[in-house]
Amino acid sequence: MNAPDQRSDRELLQAHVDGDADAFGELFARHRDRLWAVALRTMGNPEDAADGLQDGMIAAFRRAGSFRGEAQVTTWLHRVVVNACLDRIRAAKIRRLDALPDDVEDRGTLVATAQHDDLPDAAAETTERRRRVLDALGTLPPDQRAALVLVDMEGYPVAEVAEMLGCAEGTVKSRCSRGRTRLAGLLADLLTDADRPVGDPAHGNPPPDGPVQPTGRPRGPPAP
Amino acid sequence: MTDSTDQTGLPPEQDAVRRLLADARHDGATPPEVVARLDATLAALASERHASPAPTGATKAPVVDLGARRRRMAGIGLLAAAAVVVAGVAVGNGLPSISRGSDDSSASSAGGSSQELSDSGADGGADSSMSQQPKAQLSPDLMDQPQLSTTDDDLDDDLLLLRDTMPAASASSESARAAVCAVPGVGRGRQVGVDVDGVPGLVVFRRPDDSTQRVDLYVCGDAAVVRTLTLPAP
């Protein structure tokens with residue numbers, strides 16, 4: 001038998017099914033950080049993300065025998081974890097805007113990953129931008145949110161995300177497109193002028209210091 | 001990071017949102033307290049599995065021949081029906097005796113009849129046809145559930161057989177199943193209690209469309225679908 005850290009994901013999963021007591025822990029630890037990232041962004045806060053990730057881990061542990069080898073093990077793990085998170089969201093009707101307190105652990109992550117340690121203003125701006133993006137993401141329906149987390153944040157190919165979410169590729173693209181459109185409305189002031197559709201001045205604030213245009217006929221006393 | 005083949009040709013606005021989302025990606029490691037919690041849960045799962053190796057070890061269990069099960073259940077049904085007849089005769093003979101309980105001449109026979117009934121109730125009726133019959137009436141699908149293996153290539157055939165042989169639904173069996181195997185948000189469909197990879201679960205036969213019928217497999221207590229298959233419509 002190979003050393004545990006040299007076995008492939010598939011070998012570890014099969015070893016778990018066959019009764020290896022350590023194989024599943026090794027497998028899950030390999031993918032834990034990325035699964036955590038997906039759970040965190042899907043659930044919107046660390047507490048619910050921990051619950052969702054734990055639910056997913058339990059489900060994967062118990063249902064390892066149902067893995068048929070048609071997808072990658074990591075795809076299957078993501079599917080189980082994302083489903084567990086979505087189940088929790090649907091069951092509890094969690095809304096990220098409501099659940100996210102002012103000072104959550106994730107906020108610290110945002111600050112820690114900012115790349116402007118020597119530029120406090122720039123770091124604050126980056127942190128604020130990310131906070132707004134996450135807040136806006138939390139307002140999306142869970143299915144759209146999960147699709148955007150997996151495709152745009154985690155960078156998985158649409159085909160693989162379709163396997164993770166158990167839907168067609170077209171459905172994933174549709175969810176992403178609708179989600180981005182909604183986010184564009186919520187984050188209009190973060191988009192540059194070049195990003196906005198032509199003739200779409202509706203989003204964001206009006207141009208600063210713009211002259212007030214005359215409305216046509218000059219005002220005056222009513223005619224007698 | 002993002003697969004370029006998926007994201008080519010996006011409108012500028014959508015592409016800008018995609019960049020904002022990518023920038024908000026979480027890159028950190030799992031917090032230590034979460035890791036500790038997961039490790040503790042994993043240890044509990046491992047000990048649970050050690051105590052009862054069925055959950056994953058049973059995935060290689062052979063699929064029960066549903067045809068044989070159907071014949072066996074039919075036999076049990078016949079036995080139960082015969083037991084009803086015997087019980088009816090016995091109770092019919094017993095009632096007059098009980099009603100004559102004050103009659104010393106029949107006290108022994110009446111006592112014998114009531115003793116027989118109380119015995120069968122006390123021992124749970126494991127070997128008594130009198131006790132098998134009411135259990136089978138209450139929830140036959142909870143007593144002897146067909147085993148399905150999600151890794152079996154013939155799962156669709158098993159489901160077809162199950163669909164053809166599943167007992168008629170009744171309010172009592174549905175409520176009993178709901179109490180024993182709650183699956184949140186399972187939706188509409190004909191539910192049949194089964195063992196899924198050695199774990200209690202449900203098969204839900206959805207309403208068929210023109211030519212196909214979707215079938216979902218669940219594990220009790222978990223809303224996530226374990227497997228979804230499409231069968232020819234009945």
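**Group meeting: strands of chain B, then the A–B contact**

Okay, so in this model β3(B) and strand β4 of chain B, residues 212-219, pair in the antiparallel sense over 5 bridges. Keep in mind that this is a predicted model. The two strands, β3(B) and β4(B), make a hairpin, and 6 residues sit between them. If you want a spot to click on, go to V203(B), which stands opposite L217(B) in β4(B).

Now the other neighbour. β3(B) also pairs with strand β2 of chain B, residues 190-196, again in the antiparallel sense, and here over 7 bridges. V196(B) has V199(B) in β3(B) as its bridge partner. This hairpin, β2(B) with β3(B), has 2 residues between the strands, and D197(B) there takes a positive phi near 55 degrees.

So how covered is strand β3 of chain B? Mostly: across residues 199-205, 5 of the 7 residues are buried.

Right, on to where the chains meet. On the chain A side, 57 residues are in contact with 47 residues of chain B. Which elements give two or more residues to that side of chain A? They're helices α1 (9-17), α2 (23-43), α3 (46-62), α4 (73-92), α6 (105-113), α7 (120-138), α8 (142-153) and α10 (169-186) of chain A. The largest share comes from α3(A), with 9 residues. As for chemistry, the chain A residues on the side that touches chain B split into 30 nonpolar, 12 polar and 15 charged.

One aside for anyone asking about interface size: people often give it as the accessible area lost when the parts come together. What I've quoted for chains A and B is residues in contact, 57 and 47.

Technical notes
Residues numbered from 1 in each chain as written. Chains lettered and ligands numbered in written order. Predicted model: local features only at pLDDT ≥ 70, side-chain atom pairs only at ≥ 80, totals over all residues. Contact = placed C-beta atoms within 7 Å. Helix = DSSP H or I, 4+ residues; strand = E, 2+ residues; numbered from the N terminus. Nonpolar A, V, L, I, M, F, W, Y, C, P; charged D, E, K, R; others polar. Buried ≥ 20, exposed ≤ 12 C-beta atoms within 10 Å, placed from the backbone. Pairing = 2+ DSSP bridges.
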